[in-house]
Amino acid sequence: MFCPNCGKELNEGEVCTCTKNPEEISENSPVQDTAEVSEQAKPAQEYYNPSAQQQAYYNPEVNNSNVFTGAFYDPSQAYNNANGSEEKVPARTDYPEGYKIKKKYVAVILAFCLGSLGIHNFYLGNKERALAQVLIATIGSVFTLGLAAIGVSVWATVEAVLLLTENIDRDANGYKIQTFEEAIAKEMKRD
């Protein structure tokens, strides 16, 4: 719903502040076409609103123009801030009760040791990627005389390096992968 005077987007039942008295808006007042109003009300450059994104993630009924409207929440989606530079959305740290926090050192060790079987991706919850690595390494190697296994090993090594450099900093659910320093600090805090 848009204000017929200024074109500001309004929530259901909300009255725009551009008029002094809500009764001033009458049935006879000129009303613009909603398509025109929505085009006027759009900002020149839309930006990502993290709080609206989290609200939409927890409440799928929310429909806000600044919210990612795809089927799934993508926490790694980059957004443009006010000065136009692109930033990455930080990983979520609001772990739910009983959530098994993934540790970076475990994922890196699994990637270096068993990476060609995709075990590190199974650990991080990326099941599709892990299955692809397993199938390419096993079945693909039969047809390519082992070259597919070498390719998957290189792929796993690249993912291990990306984990070490924190370019991959979240698991499949969008939660932050705990670094070694954070794990030590958490254990010291618990004692």
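1. A patch, as the term is used here, is made of residues with over 30% relative accessible area and no salt bridge, nonpolar side chains being joined within 5 Å. The model under review is predicted. In it, α7 supplies the largest share of the nonpolar patch, namely 3 residues.

2. The members of this surface patch are Tyr-105, Ile-109, Phe-180, Ile-184 and Met-188, and together they present about 510 Å² of accessible area. Two elements, α3 (104-114) and α7 (180-190), each give two or more residues to the patch. Ile-184 lies in helix α7. With a relative accessible area of 37%, Ile-184 ranks as partly exposed, because that class lies between the 20% limit for buried and the 50% limit for exposed.

3. Overall, the chain contains 7 helices and 2 strands. Their order along the sequence is α-α-β-β-α-α-α-α-α. The chain has 191 residues, of which 27% count as buried. Its accessible surface amounts to about 12,900 Å², and carbon and sulfur atoms account for 57% of that area. As for contacts between residues at least 6 apart in sequence, 47% join residues at least 24 apart.

4. The geometry of helix α6 (residues 147-164) merits a check. Its 18 residues, at 1.5 Å a residue, should span 26 Å, and the end C-alpha atoms are indeed 26 Å apart, in agreement with that expectation. Just after α6, Glu-166 adopts a positive phi of about 60 degrees.

5. Which residues of α6 are buried? They are Ala-148, Val-152, Ala-156, Glu-159, Ala-160 and Leu-163. Viewed down the helix axis, the buried residues of α6 fall within an arc of 120 degrees, and therefore line one face of the helix. The cover over these buried residues includes α3, α4 (119-124) and α5 (127-144). On the face of α6 turned away from the buried side are the exposed residues Leu-147 and Ile-150.

6. Helix α3 also has a buried side, formed by Lys-104, Ala-107, Val-108 and Ala-111. Down the axis of α3 these residues fall within an arc of 100 degrees, so they line one face of the helix. What do the buried residues of α3 pack against? Their partners are α4 and α6. Helix α3 thus appears in two settings: its buried residues pack against other helices, while α3 also contributes two or more residues to the nonpolar surface patch.

Conventions
Residues numbered from 1 in each chain as written. Predicted model: local features only at pLDDT ≥ 70, side-chain atom pairs only at ≥ 80, totals over all residues. Heavy atoms only, no water. Patch = residues over 30% accessible without salt bridge, like charges linked within 9 Å, V, L, I, M, F, W, Y side chains within 5 Å. Areas by Shrake-Rupley, 256 points an atom, 1.4 Å probe, with all protein chains shown as cover. Salt bridge = Lys/Arg side-chain N within 4 Å of Asp/Glu carboxyl O. Helix = DSSP H or I, 4+ residues; strand = E, 2+ residues; numbered from the N terminus. Buried < 20%, exposed > 50% of the residue type's maximum accessible area, 1.4 Å probe, protein only. Expected span 1.5 Å × (residues − 1). Arc of directions from axis to C-beta. Contact = heavy atoms within 4.5 Å.
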